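This report describes the fold of one protein chain for a reader beginning the study of structure. Please examine the sequence and the model displayed below before reading on.

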Amino acid sequence: MSQERLLKVLLSPYISEKSALISELHNQYTFKVLPDANKLEVKKAVEHIFKVEVSSVTTINVKGKTRRTARGMGKRSDWKKAYVTLSSGHFIDFTSVAQGASQ
């Protein structure tokens with residue numbers, strides 16, 4: 001796998017009430033990933049970018065909702081979500097990563 005591909009696999013962290021709860025309880029983090037990314041690519045990308053040890057990855061294809069708009073029916077995009085479980089003793093701090101990038 002090329003380093004260029006690893007940097008493109010993770011699109012963004014996915015922050016919600018559920019993802020915050022599982023990160024506290026189970027040391028799992030949630031990411032939006034490329035729709036064609038597999039578990040091995042997600043694991044290597046997280047290990048490469050955040051310098052942590054990943055124990056498991058679970059991926060889910062999220063179907064976009066159909067919504068009624070003023071111009072008729074519309075559909076949100078489908079996307080892929082990955083739950084990444086880290087080994088004990090490892091964690092990801094998104095706040096310090098964001099602060100370091102802005103300076």
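## Two neighbouring serines

In this predicted model, Ser87 has a relative accessible area of 15% and is therefore classed as buried, since the limit for that class is under 20%. The residue is found in the loop that links β6 to α4 (94-102). When neighbours within four places in sequence are left aside, Ser87 is in contact with Asn27, Glu53, Val54 and Ser55.

Is Ser88 buried or exposed? Ser88 is exposed, because its relative accessible area is 72% and the exposed class begins over 50%. Ser88 is also found in the loop between β6 and α4. Along the chain, Ser88 and Ser55 are 33 residues apart, and their C-alpha atoms are separated by 8.9 Å.

## The sheet

Strands of a sheet pair through backbone hydrogen bonds, and the pairing may be parallel or antiparallel. Here, four strands make up an open sheet, arranged in the order β1-β2-β6-β3 with antiparallel pairing. At the edges are β1 (10-13) and β3 (54-62), each of which pairs on one side only. From one strand to the next, the twist averages 30°.

The pairing of β1 with β2 (residues 28-33) is antiparallel and consists of three bridges. Within this pair, Ser12 stands opposite Lys32 of β2.

## Helices on the sheet

Helix α2 (residues 17-26) packs on the sheet, where it touches β2 and β6 (79-86). The direction of α2 makes an angle of about 140° with that of β2.

Which strands does helix α3 (residues 39-50) lie across? Helix α3 lies across β1, β2, β3 and β6, and it runs at about 125° to β3.

## The nonpolar core

The largest nonpolar core contains 18 residues. Those that touch the most other members are Leu10, Phe31, Val42, Val46, Val84, Leu86 and Ile92. Several elements contribute to this core: α1 (3-9), β2, α3, β3 and β6 each supply at least two residues.

Phe31 offers a detailed view of such contacts. Not counting residues up to four places away in sequence, Phe31 touches a set of residues that includes Leu10, Val46, Val84 and Ile92, and these four are also listed among the core residues that touch the most other members. Other contacts of Phe31 include Ser12, Pro13, Tyr14, Phe50, Lys80, Lys81, Ala82 and Phe94. Ser12, one of these contacts, is the residue that stands opposite Lys32 in β2.

Definitions and conventions. Residues are numbered from 1 along each chain as its sequence is written. This is a predicted model: local features need pLDDT of at least 70, side-chain atom pairs count only at pLDDT 80 or more; totals for chains, interfaces and linings use all residues. Side-chain values use heavy atoms; hydrogens and water are left out. Two strands pair if DSSP finds at least two bridges between them. Axes are lines fitted to C-alpha atoms, for helices over the stretch in contact, and angles run from 0 to 180 degrees between N-to-C directions. Contact means heavy atoms within 4.5 Å. Buried means under 20% relative accessible area, exposed over 50%, partly exposed in between (1.4 Å probe, protein chains only). A nonpolar core is a set of buried Ala, Val, Leu, Ile, Met, Phe, Trp, Tyr and Cys residues joined through side-chain atoms within 4.5 Å.
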